[in-house]
Every structure is written in C-alpha cells, then in structure tokens.
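Subject: Structure handover

Hello,

Here is the structure I said I would pass on. My notes on it follow below.

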Amino acid sequence: MKKKITSLEDLRKIKSESKDLTSARSGGKSRIIIGMGTCGIAAGAREVMTAILEILDKKGIKDVAVETTGCIGMCQKEPLVDVIRLGESRITYGYVAPEDVERIIEDHLVNGKIVADKVIGRTD
Amino acid sequence: MLQDLSQYILDISENSLKAEASRVEIVLSESTQGNGIELSVSDNGTGMDSEQILMVQDPFYTTRTERRVGLGIPFLKQAAELCGGGLDIYSQKGKGTIIRAVFRRNCIDCPPLGDIPATLVALFVGWTDRDFVFRYSFDGREFTAGTEDIIAILEDRDMLKAPEVASWLGRFFRENIDMLRSGREC
C-alpha cells in the first residue's frame, strides 16, 4: 500500500486529538532561546533547534517556549542557547551541539540542575 | 560561506524579520532542463534606499551594533556568482525588499539544497507572530504552504509552538518537497 504523505489533514487530527496544545502558550513558562544570526547558523544553530524541538516532543514537555534571536555578539561561542526557567536567572550555554541538548533539557529545564561544563554566562 | 541553500534561506529571512517584516515569502524554483535554481526572499519590511542596497553587499557593512561585519548577503552573492549566477536586490524604503539569487544547477560549486524543512520549521516556530509563505517548484510541479494555512486549522498562533505541531511541520515540508523532487504524484 502506498503511504499517504503528511498533509494539512493530519494537522487537523493533531489538533482535535490533543486537548492540551494550548498549554504551549508563551506567557508564564520557561523559555529556550537560540541564537540564529549568520554566525549561529554557520555554527549549526538550526540543527540544535531541530534537536530541541525533537526532544521536547519526545518527552512530551509543553510548558516551554522555544524562541530564536539574532546575533548577540559572542559569535565565536556559537551555537548559543539560553535557558530561562520560570522565575530563575538566564543561563547562556555556548558551543552547544545537538548531542548536548538532551542533557540541557533533562538536567536543567526539567530538573533545575545547570549543566555547568557548557555554561558561558549568567544574567540575573 | 554557509553550507547550503537552506542555511542561506534561513539567514536571509532572518534579515527580513529584523527589518520588521510581517510577511516573508520564500520562493525556490529548480529546473533540471533549464539548468537553474532560483531563490527569492521577499518581505514587507522597512526596505532600503539605493545607498544601503550597495552597502549590504559589502561584508564590512551591518546594521547591528554587536559586531562590525555583516556576512549574510555577501556570502550568498559570492556563492551565486561562483556558479555562473548572481544576486539582485530590489528594495524600497517603507515598502520592502526582494533578494533574488540565481545559480547554474549543474555547476560543481552549486550549493546543495540542504535541510529546507529544518529551515522552515526554525522560521515558522521561531517567529509565530509573522506570516511566512513557502513556494517550491521542481520542473514545473509546485508546492505552496504558508503560516495562514496552518493558522486556519489551529485557530491560535501560540499553538505553532507546540512540539507536536513543530514535528508535524517538519514532516509536512519534508514529504511534500521529496514528492515533488521524485516526480511521483499523490
């Protein structure tokens, strides 16, 4: 049998099947921000973002907003990823590779334990 | 230089978003017979005057203050010129900008398409408050999809941020692009 390709119809199904899609609202939740300037893109920021979205989907984590931003002037340390847990300091991770993402999400975002060896900055 | 066309698309679109565009249209056309690839990114952002149009093609010009070089457009221009094509910029203050790059498809230096779906997901999910339209054509067969089609179903822009929606979006673009390229009808 020929496999039907993914269509807008499938999105309609996702919407009707999950009641909690709206918990993805951006107000009042933790944030992950990925630097997506030319420097970030060249260093692999998009692959990091893909990994972040995949892991959030895999783990069923919804109470986080994934955002992108332009160059913040630390091009040599790209890809840069900021994690801001609700009510906590902004932690900036540098030289982030897709394989670091699971640790950052599991240890820091979910369990509140900062991944010290990847931290390059902290803003209170 | 960036590695592939998908990275250039992301980079050039990010310029549009920084220029306050509410709508960005990405058109990518491939023709095997015509031996060409044409990419255009059009926006309704702040636009540029003729002096700025010249300056953005110079790597030592940038609007940002965090660093003093802007490499995105010069990279794309160089990549296009390296394979017998070129880059054009049409822009008007207050109206918007069109960046158009043309490549000779069989040229050894022609960048591969790369991961177009990943670029589109990064844009659609990273900027849920803007509207994107993506048009892709391969030897005359066409596929078009945009934020508006998706919001018509979701009825809420914030839902674009839901991980399962992002994951659907990636599959949706990947399978539709692959189908067009392989020439199979659905």
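**Chain B: burial and overall form**

Of the 186 residues in chain B, 42% count as buried. Please bear in mind throughout that this is a predicted model.

Chain B holds six helices and six strands. Read from the N terminus, its elements follow the order α-β-β-α-α-β-β-α-β-β-α-α. Along the principal axes, the C-alpha atoms of chain B fill a box of roughly 45 × 40 × 25 Å. The radius of gyration of chain B is 17 Å, which agrees with the value near 16 Å that a compact globule of 186 residues would have. If contacts in chain B are restricted to residues at least 6 apart in sequence, 62% of them join residues at least 24 apart.

**Two positive phi angles in chain B**

Two residues in loops of chain B may be worth a look when you check the backbone.

- B:E20 is not a glycine, yet its phi is positive, at about 65°. This residue is found in the loop between helix 1 (5-18) and strand 1 (23-31) of chain B. B:E20 counts as exposed because it has 12 other C-beta atoms within 10 Å, and the cut-off for exposed is 12 or fewer.
- B:D139, also a residue other than glycine, has a positive phi near 45°. Its place is the loop between strand 5 (131-138) and strand 6 (141-146) of chain B. B:D139 has 13 C-beta neighbours inside 10 Å, so it counts as partly exposed.

**Strands and a cis peptide in chain A**

In chain A, strand 1 (residues 30-35) is joined to strand 2 by six bridges, and the two run parallel. One of the residues involved is A:I32, whose bridge partner in strand 2 is A:V66. Strand 1 of chain A is also joined to strand 3 of chain A, by four bridges, and here the strands run antiparallel. For A:R31, the bridge partner in strand 3 is A:I84.

The loop between strand 2 and strand 3 (81-84) of chain A contains A:P79. The peptide bond that joins A:E78 and A:P79 is cis, with omega at about -10°.

**The nonpolar core**

Which residues have the most contacts inside the largest nonpolar core? They are A:V48, A:I52, A:V81 and B:V121, in a core of 76 residues. Helix 4 (residues 116-126) of chain B contributes the largest share of this core, with eight residues.

For A:V81, the contacts beyond its neighbours within four places in sequence are A:I32, A:I34, A:V48, A:Y93, A:V96 and A:I104. A:V48 is thus both a contact of A:V81 and one of the residues with the most contacts inside the core. A:I32, another contact of A:V81, is the residue bridged to A:V66.

**Where the chains meet**

How many residues does each chain give to the contact? Chain A gives 35 residues and chain B gives 38 residues. On the side of chain A that touches chain B, the elements that give two or more residues are helix 1 (8-17), helix 2 (38-43), helix 3 (45-59) and strand 2 (64-69) of chain A. By type, the residues on that side of chain A divide into 17 nonpolar, 10 polar and eight charged. Strand 2 of chain A therefore appears twice in these notes: it gives residues to the side that touches chain B, and it is bridged to strand 1 of chain A.

Regards

Notes. Residues numbered from 1 in each chain as written. Chains lettered and ligands numbered in written order. Predicted model: local features only at pLDDT ≥ 70, side-chain atom pairs only at ≥ 80, totals over all residues. Core = buried A, V, L, I, M, F, W, Y, C linked by C-beta atoms within 7 Å. Buried ≥ 20, exposed ≤ 12 C-beta atoms within 10 Å, placed from the backbone. Contact = placed C-beta atoms within 7 Å. Nonpolar A, V, L, I, M, F, W, Y, C, P; charged D, E, K, R; others polar. Rg over C-alpha atoms; globule rule 2.2 N^0.38 Å. Pairing = 2+ DSSP bridges.
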